[in-house]
Structures are given as C-alpha cells and as structure tokens.
Amino acid sequence: MMNSRRKLDNASNELTKIALPPIKRNQLWDAIERRIDGDGATGIQQDMPVSEQRSHRSTWGQFAAAIAAVAVLCAFLPTLIHHRQLWVFTHTPAMGRSGPHHQDNTSRGSVHSITIDDIKQYYRNKHLKILAIVPSPAYHAEIVESSVDSTSANDFDWWDMNTGKVELLAGRPFYMSIHQVISANEVLFLATGRNSESPFVDFPYYIDARRPNANSPFVDTNLQAAYFPIQKSIMFGDGKVEALSHISVTSDGVTMGYSPIRGQEANFAADSTGAPKTTISKISGKNELVITLNNTTQNFSQSQLYGMRNAFVQSITVQSTGSDVQVVLHLSSQTKFYTGSIDRQHTMPTTTLRFANVVPTK
Amino acid sequence: MESDAKESIHRLYETYADDIYRYAWLMLQDENDAHDVVQEVFYRAFKGWPTFRHDASECTWLISIARHYIFNVIRKRQNAGQLLSAYSPPQLVDEQPDVENSIVIEKAVANLKENYRQVFVLRHVQDLSVSETAKILGWSHGKVRITDLRALSKLRGELSLGKEVQTYDEFKAQT
C-alpha cells in the first residue's frame, strides 16, 4: 500500500513539472499585453485566441458565424461535389409528384422528381434521424427536420420535390421550429433561445432563412426580434446566481443590469454569466407584467425607480420573494406586445424588454 | 489606474502562468488550447480586476476563471465530436525528463472522467486545499473529498499501482 501511495505521489510530482517553455511564456504575455493595450486604445479586442474566435459570446455572434458557414457551404459545395452539385437523385426514376413549378434542368444533368420514400432513404443512408417532414404543397416542396444526435440542435432541409434538389435551410447551433413558410425562397423559424454551442439561454427570436432565387442555396440568414402578446409567458436565462443592480427605461423598453454577488466575481470575469433564470408572466385581470429573476438579490436603491416611465410602462416596483426578485411593470393600456434581448457584450450582462402596441414590421 | 491593473496582472502572470498552463493542459490535453487558456485567463483577469474583492486567493480566482473557460472548450469539443486523440507531450521543466513515464501518467489522468480529473489536478498537481478546491468547483468539502477518493482509486487502477478500491480510513490517513 505504501509503495503504491509513493508511486502515486511520484506521479503527481511528475505532473507538477509541466510548465510553459520560456519563449512561449514571453510570447503569450506579449499577446495578452497587446489585447490589454488594444482595449485601452480602441475598445476592440485584439489577438483573440483561436478558440475564442470560434466561441460565441452572443446570439448575434453566432448568427454571423452561421451566415458565414452557410455562405461558405453553399459557395463551395457545388464545386466540391462534382458537376451534379446537390442534385442527390439524378438517377432516381421519375415517380411521384410533378407540379406546375417543374423545371427542366437538362442543362445541369438528368433531374427527376422524387417521393417521400426517396427522402427517407437519403437520411437513412446518412444515418440521420428524421424528426418531421413538413409539406409545403404550394411550392412542391417538403421541409425535413433531422437530427444527428440528441445533444445537437436539429437541421432543416428544403427539398424541391420536382427536382430532388435539397438545400440546407438552417440548423445547428440554434434550437428552433418552423414558424412560417413565406415563399419558396424564404422560411421563418422561431428559435427557442437555446443554443447547442453555448450555455446561455436567450429570449426567443426569429431566424429568417432566405435565398435570392429558387436555384440558389439559402445563403441569407437573419435574426429578428420576436414580439409576443403580453399574455404569453416566456422563460429564458441561465440559472446563475447574481444581483439585480440597475434598472433604466428607454422610450419603448426597460433594461435590467446584473452584477456579481460576493464570491461570484470570477464567473463574471470569465464571461460565463448571462441573465439570471427569468420568467415573464402577466397577472390575470391586472395590467401588470411580472418579471421573476430566480436566485437573484437586489443591489440597488428603490429610490432609483421613482418617476421611471415611458409610453408603455407607467411605473416599476421591485420586491424580493425568498431567493428571487420580482420586477413588476405596471403597463399602460396601449401595451400589447413585447420582445426581449440579452446583452453579454459588456462586463455586466443586461436584459432589455421592449414593448409595442402593434407588432413592428421588418 | 489601468496601468496599475496591468502591472498587477503581469505580477500574477509571472507567478501563476505555469499553474494555469498545467491545469489547462491536463484538462484539455492539447498544447494549443492550453496556450489559449493562459492568454484568455489573464486577459479576463485584467478585465475583472476592478471587481476582484480578494475574498479568495489570487490563485483560486485565476483557476476559477480558467475552469469556466475550459468548461466551455470541453463543451464545444463534445458538440463538435472532437476526441482527445491528438496527443503531444507538454513541456517539462526537468532537463532530462522521464518522457515515457510522463506520458503514461498523463494518459492515465486524461482517461479519468472530467470530475475526477478536475479534483485530482487541483488537489494533487496544483496542491490546493480541500477548501480551495471546493471554492473553485462550487462543491461542498465532502463532495471534493469523496470525488478525490474515487479519482485516486481510479487513477491507481489506471496506473496498475495497487488495488482498485481504497477504504475510507486509508483515504483519510492519506489526506
């Protein structure tokens, strides 16, 4: 026993010898110093580590990455997958539907209409699980939701049933569902706010997948604010423990800021803190919206709230209930819809709710 | 004010850069990722310096930041289906390191599940106390002790150094 313990101690000692090579040590400090100096000079982060460049601090960052990925995918796949491009059933015998939008793509090879069974076979061959096949008969298309595994968000593909051509609409890392098929070139998704690459949970939002024409991939993906009726309860946030330290109003909204509680400063410094777990619900029979912040303390003076109002919020009260904080917004009669967003770009995260009497158009 | 913060972070870097690198390397088994962690931790420490209240030791604070960042890297790897296969031995400070022995040990540590690896590295490589480890991981002292016991037993089994399971009395005597 003593012998094995000594060997284990020796093993631990061996590991303590791991250290940065002197040259690398100096290089890393130079890079850190450049980032620090860059912050001071321009506010722009420089010399980001490679992995951090890949990381997604906000939904909008993820969105940009998603656009880039889709664009690159769509730009290069046609040249990579031989001249047949994404025509996956060029040798499938003609069968099934052939609607009025049928196009003769003879210049691009022999193209035939396909059936649902063909689609199923396609996913079986790729070891992907089909979760739903949503018909879009007006455009002779099917939208297929598929899953690689249970830990990843699902993918959505647009199938042209006349030609057998499949295009990626949108997918990982966003968890979402089809909200509306606007046209053969535009599909709107409702994202839950969860993301397979980030622990943060955002307020739900729309993802608009578009393409310039029916022969193009869906190269344009936009995130849009989703407005909900104030009667609809929404949950978001990450379940962190933090303090509500700031409330302010804008012309159409309310912003809540959070700060670390004692002992949790490292989480903030590590950018691992978003909004606390938040539930928004309207009190039945009253024109009041209750924002419940779980595991949150108050760290601001109630006197700050005096006189806070705008066209949609008449007054604000804040109360602690057990380990939670409730922010009650006393709404005006014209407040009908709301949306939300979480800003984690700065040191202290904030949640902003915005209100409207009609849903704003694009 | 900012130059004071930078000076403080430089002092921390001189003192703890190797500790952060060692922790990152043992958790991630990738030299480039470990370098990223070092850079990111001290940059974030600079950003968070005004809010650091010195309730915890500087080392504990820095390792907490590292832990959060490493956790995100591991999560992304899992999402990307990346395996810990690209092994390249880290730099050792010995003039003539026992490379073969080091590789065996590091592979054994890499094979521990994440919780065990965290505790083993913090307790026995970084030489932190149960209390400091509990603070970094946000666990109770009891959970740290029990996980440590299991990690050591597992590691002993991996290294084929002795019996797989240790009694709690033996464990207590050891700690």
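Two strands pair if DSSP finds at least two bridges between them, and strands themselves are DSSP runs of E with at least two residues, while helices are runs of H or I with at least four, both numbered from the N terminus. This is a predicted model, so the ground rules differ a little by feature: local features need pLDDT of at least 70, side-chain atom pairs count only at pLDDT 80 or more, and totals for chains, interfaces and linings use all residues. Residues are numbered from 1 along each chain as its sequence is written, chains are lettered from A and ligands numbered from 1 in the order in which they are written, and side-chain values use heavy atoms, with hydrogens and water left out.

**Exercise 1. Work out the strand order of the six-stranded open sheet in chain A, and find its edges.**

Step 1: Start with the order. In chain A the sheet reads 9-18-19-12-11-15, is open and has mixed pairing.

Step 2: Look at the ends. Strand 9 (228–229) and strand 15 of chain A each have a single partner strand, so one side of each is left without a neighbour in the sheet.

Step 3: Check one parallel pairing. Strand 11 (residues 242–249) and strand 15 (residues 296–298) of chain A run parallel, with three bridges. Within that pairing, A:Leu244 has A:Gln298 as its bridge partner.

Step 4: Now take an antiparallel one. Strand 11 of chain A is joined to strand 12 (residues 253–259) of chain A by six bridges. A:Val249 sits opposite A:Val254, and A:His246 has A:Gly257 as its bridge partner. These two strands of chain A make a hairpin with three residues between them.

A reminder on what holds this together: strands of a sheet pair through backbone hydrogen bonds, either parallel or antiparallel.

**Exercise 2. Describe the surroundings of strand 17 (residues 324–331) of chain A, and say why it is largely enclosed.**

Step 1: Go to its partners. Strand 14 (residues 288–293) of chain A runs antiparallel to strand 17 of chain A, and six bridges join them. Here A:Leu293 faces A:Val325.

Step 2: Strand 16 (residues 313–321) of chain A also pairs with strand 17 of chain A in the antiparallel sense, over eight bridges. In this case A:Gln319 is opposite A:Gln326.

Step 3: Inspect the turn. The hairpin of strands 16 and 17 of chain A has two residues between the strands, and A:Gly322 takes a positive phi near 65 degrees there.

Step 4: Finish with burial (buried is under 20% relative accessible area, exposed over 50%, partly exposed in between, using a 1.4 Å probe and protein chains only). Seven of the eight residues of strand 17 of chain A are buried, so the rest of the structure largely encloses it.

**Exercise 3. Place A:His127 and A:Asn295, each with a positive phi although not a glycine.**

Step 1: A:His127 has a phi of about 60 degrees. Its loop runs between helix 5 (116–125) and strand 1 (129–136) of chain A, and at a relative accessible area of 70% A:His127 is exposed.

Step 2: A:Asn295 has a phi of about 45 degrees. This residue lies in the loop between strands 14 and 15 of chain A and is partly exposed, at 35% relative accessibility.

**Exercise 4. Sketch chain B, then classify the ring pair of B:Tyr13 and B:Phe42.**

Step 1: Get the overall picture. Chain B has eight helices and zero strands, and 54% of its 175 residues are buried.

Step 2: Look at contacts (heavy atoms within 4.5 Å). Among those in chain B between residues at least 6 apart in sequence, 61% join residues at least 24 apart.

Step 3: Recall the ring rule: rings of Phe, Tyr and Trp (its six-membered ring) pair if their centres lie within 6.5 Å, and planes under 30 degrees apart count as stacked, over 60 as edge-to-face and the rest as tilted. Over all chains, the structure holds 13 aromatic pairs. For B:Tyr13 and B:Phe42, the centres are 5.0 Å apart and the planes at 80 degrees, so the pair is edge-to-face.

Step 4: Locate the partners. B:Tyr13 is in helix 1 (residues 2–28) and B:Phe42 in helix 2 (residues 31–48) of chain B, 29 residues apart. Both B:Tyr13 and B:Phe42 are buried.
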